[in-house]
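This report looks at the ligand site and the pockets of one structure. It begins with the surroundings of the ligand and then turns to the pockets.

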Amino acid sequence: MPLLAVETSCDETSAAVIHEGRVLSNVVASQISLHAEYGGVVPELAAREHLRNLMPVTRTALREASVEAGQLDAVAATRGPGLPNALLIGFKAAQATAFVLGRPFLGLHHHEAHLYSPWLRGQPPVADFSKFQPNVSLIVSGGHTLLVHVRAELNHHLLGSTVDDAAGECFDKTGKMIGLPYPAGPEIDRLAEGGNPKAYDFPRPMIDDPNDDFSFSGLKTSVRYFLRDHPELLNDTQRLRDLCASVQAAIVDVLVTKTIRAAKRLRVGCVTASGGVTCNRALRQRLTAACARERLLLLLAEKPLCTDNAAMIGILAERKLRHQTEPTPRDADILPNWALP
Ligand code: KG4
Ligand code: ZN
């Protein structure tokens, strides 16, 4: 029997229906254009938009899956981390739906769900866990940069995270400095294509540190100083492309170097990556080349599943139910600052 999952932790309202590892539907209403006007996500606007979108998105997900609410076997939602008012809307609606249907409810960790999104392959996406193997998983988004050791299904250990800005934040803030609209990551990716990644030598923060943590705020600051000293660059398209390629190369270098180093140290045979920044073409190419060189299996989340979506919440919920995880209590609350358990 099928399962309904809901995700509203930030600026995507999403609902998905999952059945035995198959994504029967995965509807995502993005709020990017709404927040672009303000240069970043405005929490109160995000919450109102989730309220407006959640019912139509859920109805569409059920219709596309040809499933009636009464046929649902379980309901799941993101419990945290995320924007409190945004989380509340999806979590409480899903909890109430489970209560009314008399079905189990699971409130899940957003990043734990990201760990399994690279296992969803094909169209429509299917998760085949018979091929699962221990891995090091990189989660890179606008708010988070995490490196996780996934020892077995539902058994993971956080290796490191960002001590300041996330990788996506560094893309977005660099973009803001050169006048690109929010979120700037995709546009920097495009501009970098015609640029020379070796044109400017930006720092690779913490690349040689023996830990698995990241830091991108120093890189952002050095871009700011560089632009202060070279304001003419903003009117030169080729030099702007070179700047984008050089900043992107610095971010990607750190991400790839630290991910591969962790994988080798922990002697896993597999690397996975997810989160919005995993859409970045240079990151995908560099990870592909590095994993081929080190004979590591690489699973990059497919592009539509890199960004936030309910399918990954549903896939994790199904695995948890299969492993007899206790349902989340009926009166449980959201956990906006939930650290990866
Ligand atoms: O996972 P995501 O959708 O969600 C949140 O953080 O909420 O990630 C969004 C981030 C933004 O910072 C955006 O600029 C970045 O992912 N991003 C990219 C690319 N596509 C999205 N960064 C670099 N290159 C891209 N192609
Ligand atoms: Zn996410």
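## Surroundings of ligand 1

In this predicted model, ligand 1 is surrounded by 18 residues, of which Gly142, Asp172, Asp189, Gly276 and Asn280 come nearest. Sorted by class, the shell around ligand 1 holds nine polar, six nonpolar and three charged residues.

## Polar contacts and cover

Aspartate 189, one of the residues that come nearest to ligand 1, has a side-chain N or O atom 2.8 Å from a nitrogen atom of the ligand. An oxygen atom of ligand 1 lies 3.4 Å from a polar backbone atom of glycine 143, and an oxygen atom of the ligand is 3.5 Å from an N or O atom in the side chain of serine 141. On its own, ligand 1 has 560 Å² of accessible area, and the protein covers 89% of that area.

Two elements, α5 (167-177) and α6 (185-193), give two or more residues each to the shell around ligand 1.

## The largest pocket

The space that ligand 1 takes is the largest pocket, which holds about 1,300 Å³ of space. This pocket is lined by 50 residues, and the closest to its centre are Ser141, Gly142, Gly143, Asp172 and Tyr182. Of these, Gly142 and Asp172 are also among the residues that come nearest to ligand 1, while serine 141 offers the side-chain N or O atom 3.5 Å from a ligand oxygen.

Which elements each supply at least two residues of the lining of the largest pocket? They are α1 (32-36), α4 (110-114), β10 (155-161), α5 and α6, and among them α5 gives the most to the lining, with six residues. By class, the lining of the largest pocket divides into 23 nonpolar, 19 polar and eight charged residues.

## The second largest pocket

About 350 Å³ of space lies in the second largest pocket, whose lining is made up of 15 residues, with Pro197, Ala245, Gln248, Ala282 and Gln285 lying nearest its centre. The elements that give two or more residues to this lining are α6, α8 (237-265) and α9 (281-293); α6 is thus named here as well as for the lining of the largest pocket.

The residues that line the second largest pocket comprise six nonpolar, six charged and three polar ones.

Technical notes
Residues numbered from 1 in each chain as written. Chains lettered and ligands numbered in written order. Predicted model: local features only at pLDDT ≥ 70, side-chain atom pairs only at ≥ 80, totals over all residues. Heavy atoms only, no water. Near = heavy atom within 4 Å. Polar contact = N/O pair within 3.5 Å; in protein donor to acceptor, adjacent residues only side chain to side chain. Areas by Shrake-Rupley, 256 points an atom, 1.4 Å probe, with all protein chains shown as cover. 1 Å grid on protein atoms, 1.4 Å probe; cavity = no way out; pocket = protein on both sides within 12 Å on 5 of 7 lines; lining within 4 Å. Sits in = over half its atoms within 2 Å of the grid points. Helix = DSSP H or I, 4+ residues; strand = E, 2+ residues; numbered from the N terminus. Nonpolar A, V, L, I, M, F, W, Y, C, P; charged D, E, K, R; others polar. Points joined across faces, edges and corners; volume = space filled by probe spheres on them.
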